[in-house]
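User: I have a protein model open and would like to learn how to read its features one by one. Could you walk me through it?

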Amino acid sequence: MKNVFGTVILCLFLTGCSGSLPDTSASSPSGNLVLSFFLSDGQMGYFLKSDGQTMIDSSSLSIVLRDQPLLGSNMKIQNVEKRAVDEVWEMPWGEQRVVHNQYQSLKIWLTETAEQNRKIALAFKIYDDGIGFRYEIPEQNGVTEWIIEEENTEFQLVDDPMTWWIPGDWDSYEHLYNTTRFSAIDAVSKRNHPNLASTYIPFNAVNTPITMKSDKGYYLSFHEANLTDYAGMTLLIDNEKLKMTSGLVGSDRTGYKAKVRLPFNTPWRTIQVAKTAGELIESNLIVNLNEPSVIEDISWFKPMKYLGVWWEMHLGKSTWDMESSQNINKDPEAETERRFHGATTENVKAYIDFASKNNIGGVLVEGWNTGWGRWIGFEDREGVFDFVTPYADYDIEEIVKYSQERGVEIIMHHETSAAPRTYDQQKDTAYALMQSLGINSVKTGYVGKVIPKGEYHHGQWMVNHYHGVLETAAKYEVAINAHEPIKGTGKRRTYPNAIAREGLRGQEFNAWSIEKGNPPEHLTIIPFTRMLAGPIDFTPGIFNIKMTPYRDGTGQQINTTLAHQLALYVVVYSPIQMAADLYEHYEGQPAFQFIQDVGVDWEQSRVLAGEIGKYLVIARQERETLNWFIGGVTNEQGKRVSIALNFLEEGTTYDGVIYKDGESAHWNDNPTNIDIETTPFKKGEAVEIEMAPGGGFAISLLKK
Ligand code: NOJ
Ligand code: CA
């Protein structure tokens, strides 16, 4: 073992030091992973092996506290508890219905040998697909509050793996993924991001999940679970030592990372370990490390597909605010730039009509409320947005009545402009209004720098804000789809009204990004990285790939084929999936049938094939109908795949519809070239599909 603790571990285990040492190692249920906790001269540490090979070498654990010595370096073991747990639970909505939660728990109680005599426990849960561990701090010496300056949790790698990473940004997750060796991670040079002017990246660090592939073929991903009342964790990169150390998101207002009331448990620090890339996606480690649901009845939220008065604003066809559109339209000189307010009663009714005729459950309406005249680019945004007052040209009662008559749900929108105090003041009233109207879900947004200045989107103060929103919303039977959110850490298990979130570089970048949008490889990386954190509101389904006429002459487009856009309804998981394009772009399009048919709530999901950054094929079975849907995406290389349909039900014939790239399809040269074939399928049969460069495919298998 090439580490600083080696000698002392030997002392501990070979000479026995005290004679009757407790066993501080534990194996996962099937024995593939073995986690060992150790003390080296009183310093806490751990290492992790998979099938006898070291995955994480000796890594130290400690916490830096304000006005106190380092905690973790003068410890002795008090007690060791071990327990095997094997249970199942059901997701109310999800990638699968039944989840197996089986692990070995190992808890080490420690006391300080130094005069402070502080106590701490290290709790580990060892699963077959990875581990989680956290610090558990009991109330002690009459002290009830600690100020955490930093948490020094180390992850010592054993080689220099290929790594998929985004910069350790305290405000945003909307970066493109980089693919480099670990030793070449350089978040500092990615600091000045033209599209993300308001973000903050103080160190050479990464945001999580960060995913790696070692030359020995192992896949590792690092993240956290149950981030509650604490700061989000970035990982500081030591390129030379091949080591990561937790770096908590800070606050310039308080000067510390977190203030905690004892007793306190930190979030779980997680390491997923897999032998195929697909196993990372199939892993339930992150949700399993969260507590069971505290919402007794979530039946009021139904997974759905939705349209939105949304893409038209991103294209510049219409505006969010009513004021500027009126000014433009009054000025005859501005005739060529005529733009209209999007959220008018008339326009929204047209979306509702289209949704109700085409099996789309919801319509999102952005720009319906007053305040849009002073959001982006304004310093003082406190008290500007009003979450109960519609613009004069939007009759909210009439819209709700109209939508209910047609079996369509309205999805509320609350852009907070990152002024959470204003939102906190209004959220009860806003959710009460929603409840009185029978609206059960809201898309929230936090665009811009957080007010008050000095707080960051992923610091403890904002973590608590996002949490408070979930709790309050639950009381009014409101589900949250947060944009510019805190990262997902599996809390959807405890709060199943946390239905989806952005927290990545979404489709909208294709409409206006200076770097010409997301590259074709984007969605072959996202499922192995960001998606491990939970459901994504990516907003797929743009059919007008070249965005004609809105982007004519700019070179901007969606950098995928049309078949790739269809595949995203299966490849990217979310209980709400947007059909993001203008509804008129779906009219008369045979490929739209797939969006009408595809499920949004799954009995089970299987990754059939995939390599990070290259390609991915996922099959999911719809809960209600037991129909299957398959989606595949590839990067700019193109890829041929063979899919064995051995997961289908024995003795059943399925009506199969294959939506695949046409012969000359290419993400840039011919993106809308699509072939649609209808053919019956049975268990055991196979399909061969050629994905074009930047392409993909979608298959629906509907039970006869
Ligand atoms: C950013 C969100 O990601 C986007 O979807 C939304 O349209 C705008 N904010 C306005 O709220
Ligand atoms: Ca966004």
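User: Let me start with one residue: is S36 buried or exposed?

Analyst: Happy to help! First, some ground rules: this is a predicted model, in which local features need pLDDT of at least 70 and side-chain atom pairs count only at pLDDT 80 or more, while totals for chains, interfaces and linings use all residues. Residues are numbered from 1 along each chain as its sequence is written, chains are lettered from A and ligands numbered from 1 in the order in which they are written, and side-chain values use heavy atoms, with hydrogens and water left out. Now the general idea: buried means under 20% relative accessible area, exposed over 50%, and partly exposed in between, using a 1.4 Å probe and protein chains only. S36 has a relative accessible area of 6%, so it is buried. You will find S36 in strand 2 (residues 33–40).

User: How are strands and helices assigned here?

Analyst: They are DSSP runs numbered from the N terminus: helices are H or I with at least four residues, and strands are E with at least two.

User: Which side chain does S36 contact, and what counts as a polar contact?

Analyst: A polar contact is a pair of N or O atoms within 3.5 Å; within protein, one must be able to donate a hydrogen and the other to accept it, and residues adjacent in sequence count only if both atoms are side-chain atoms. The side chains of S36 and S25 are joined by such a contact of 2.8 Å. Another case is R118, whose side chain has a polar contact of 2.6 Å with that of E112. R118 sits in the loop between strand 6 (98–112) and strand 7 (119–127), and its relative accessibility is 3%, so R118 counts as buried.

User: What coordinates the calcium ion (ligand 2)?

Analyst: Donors are N, O and S atoms within 2.8 Å of the metal, or 3.2 Å for Na, K and Ca; water is not among the atoms, so sites may look incomplete. Here the calcium ion is coordinated by OE atoms of E174, E484, E502 (listed twice) and E508, at 2.2 to 2.8 Å. Along the chain, the donors follow the spacing E-x309-E-x17-E-x5-E. The pair E174 and E502 links distant parts of the chain, 328 residues apart. E174 lies in the loop between strand 10 (162–165) and strand 11 (178–181), and E502 in the loop between strand 27 (498–501) and helix 10 (509–512).

User: Why do E174 and E502 count as buried?

Analyst: E174 counts as buried because its relative accessibility is 9%. E502 counts as buried because its value is 1%.

User: What is the geometry of the calcium site?

Analyst: Four donors count as tetrahedral if all angles lie between 85 and 135 degrees; four count as square planar and six as octahedral if opposite donors are over 155 degrees apart and all others between 65 and 115; anything else is irregular. The calcium ion has 6 donor atoms with angles of 51 to 156° among them, and its site is irregular.

User: Which residues come nearest to ligand 1?

Analyst: A residue is near a molecule if one of its heavy atoms lies within 4 Å of it. There are 14 residues around ligand 1, and H314, E366, E415, K443 and H483 come nearest. A polar side-chain atom of E366 is 2.7 Å from an oxygen atom of ligand 1. For E484, also a calcium donor, the corresponding distance to a ligand 1 oxygen is 3.1 Å. Taken alone, ligand 1 exposes 290 Å², and the protein buries 97% of that; such areas come from the Shrake-Rupley method with a 1.4 Å probe, and for residues only the protein chains shown count as cover.

User: How many residues does the largest nonpolar core have?

Analyst: A nonpolar core is a set of buried Ala, Val, Leu, Ile, Met, Phe, Trp, Tyr and Cys residues joined through side-chain atoms within 4.5 Å. The largest has 180 residues, and those with the most contacts inside it are M44, L122, F124, F222, I271, L307 and Y431. Helix 12 (residues 562–571) gives the most to this core, with 8 residues. Apart from it lies another core of 19 residues, including V617 and W628.

User: Which peptide bonds should I look at in the backbone?

Analyst: The bond from L262 to P263 is cis, with omega near -5°, and the bond from T548 to P549 is cis, with omega near 0°. P263 is placed in the loop between strand 17 (258–261) and strand 18 (264–265).
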